[in-house]
Amino acid sequence: MSVPAPSSPAAPAGPARPAPGSRKPSASLRPLLRDRPFRLAVPPVSGMLRPRLLLTGVLVAVGAFALFCWGLAVGDYPVTLPGVVRALFGAGDPGTVIVVQDLRLPRALTGLLVGLAFGVSGAVFQTMTRNALASPDMIGLTEGAGTAVVAAVVLGWTGGLGLSTLGLLGALATALLVYALAWKGGATGYRVILVGIGVSWICTSATDFLVARGNRFEAEEALGWLVGNLNGRTWGQVDALAIALAVLLPVALGLGRWMRTLQLGDDVAAGLGTPVQPVRLALLLTGVGLVAFGTAAAGPVAFVALACPQIALRLAGTSAPPPLVSGLTGAFVVLGSDLLAREAVPGTELPVGIVTGALGAPVLLWLLVRANRAGSGG
């Protein structure tokens, strides 16, 4: 007869251990998304491969393209998504081709390019100043471009120049003023932000004065543009913004190496061979150009340049906002907000800036709370 073995004391209750071989999906994917250095013999190139950054960029680009096609499909004349794709290549029903290519495509392309321009510009300024609150709509650049355009609309002072050129001149003048007032043996990030906020309010007051001075129709046109609007966009806005992006986007990406060294501080960046002030000035001019042409095309679409780089930074897991992914995130946000603006209230097309403002304001509050908790919010 067998005698049972004495029972051991019961172990304290605790979390159940996973069965051998079973792993959480996030843990199993983490090694695959880890950064890896690489070096090629031919051509002699070395760098860091960032799978998570690449995956994030691809997913955001796919999402932006899906919203782009969806925006072309909805409206008073609904079109199926396969019909939209065929119409983009000039195939299918002639009426559908006219609706998609002539009536809806300029608006969708403007939203796509504006989001791309604002997102990249916000990433440039936030990286250059090492501050998440440094975006074109926080330091007065969009307000400066808006003042110039509103002056042209209300007073008729175009001088033969287009709105894109006037917006560029207004933003450039504002940026140079902010840079000059913030200069004290250099232009640090916090001085740029503080001076920019003051200049922003000056430009806002000037814009309000111009709107109050104009007649009813001029004031309505200016106010509709100042909110940030994609209604009635034409190929003229698309062409000017596309040319600007074709020139400025490669410049912003080409300055990416020096942008990363600026994150380490001016002294460390200078020790690594970075010409700090020339690089900062080049980044300033590049960011100004992007935001100026974007503002001239669709008005100052609120909070896109502020929120989208921070969203891209957290999705990609990088130490600073990645410019290209920030731009793609901006395109996704603007296109999605435009869909909400068109479909939220039946029979009414709200300006896209109302939706981006409603979505971006909580992000601004969160950034302010986070900065105060970190001891950098003043």
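**Exercise 1.** Leaving aside its neighbours within four places in sequence, with which residues is isoleucine 193 in contact?

*Solution.* The model is a predicted one, and the starting point is the place of isoleucine 193 in helix H7, which covers residues 189-213. Once neighbours within four places in sequence are set aside, the contacts of isoleucine 193 are Asn131, Ala134 and Ile139. A further step takes in glycine 140, which is 53 residues away from isoleucine 193 in sequence, while their C-alpha atoms are 9.1 Å apart in space.

**Exercise 2.** Decide whether isoleucine 193 counts as buried or exposed.

*Solution.* The relative accessibility of isoleucine 193 is 9%, and the cut-off for buried is under 20%. Isoleucine 193 therefore counts as buried.

**Exercise 3.** Which residues touch the most other members of the largest nonpolar core, and which helix gives the most to it?

*Solution.* The largest nonpolar core holds 67 residues, of which Phe68, Leu241 and Leu283 touch the most other members. Helix H4, residues 94-129, gives the most to this core, contributing 14 residues. Apart from this core lies another of ten residues, including Val150, Ala151, Leu210 and Trp225. Turning to leucine 241, and leaving aside neighbours within four places in sequence, one finds contacts with Thr110, Leu113, Val114, Ala117, Phe293, Gly294 and Ala297.

**Exercise 4.** What span should helix H14 have at 1.5 Å a residue, and how far apart are its end C-alpha atoms?

*Solution.* Helix H14 runs over residues 323-343 and has 21 residues, so at 1.5 Å a residue it should span 30 Å. The end C-alpha atoms of H14 are 30 Å apart, which agrees with that expectation. As for its surroundings, H14 is mostly covered, with 15 of its 21 residues buried.

Terms used. Residues are numbered from 1 along each chain as its sequence is written. This is a predicted model: local features need pLDDT of at least 70, side-chain atom pairs count only at pLDDT 80 or more; totals for chains, interfaces and linings use all residues. Side-chain values use heavy atoms; hydrogens and water are left out. A nonpolar core is a set of buried Ala, Val, Leu, Ile, Met, Phe, Trp, Tyr and Cys residues joined through side-chain atoms within 4.5 Å. Buried means under 20% relative accessible area, exposed over 50%, partly exposed in between (1.4 Å probe, protein chains only). Helices (H or I, at least four residues) and strands (E, at least two) are DSSP runs, numbered from the N terminus. Contact means heavy atoms within 4.5 Å. The expected span of a helix is 1.5 Å times one less than its number of residues.
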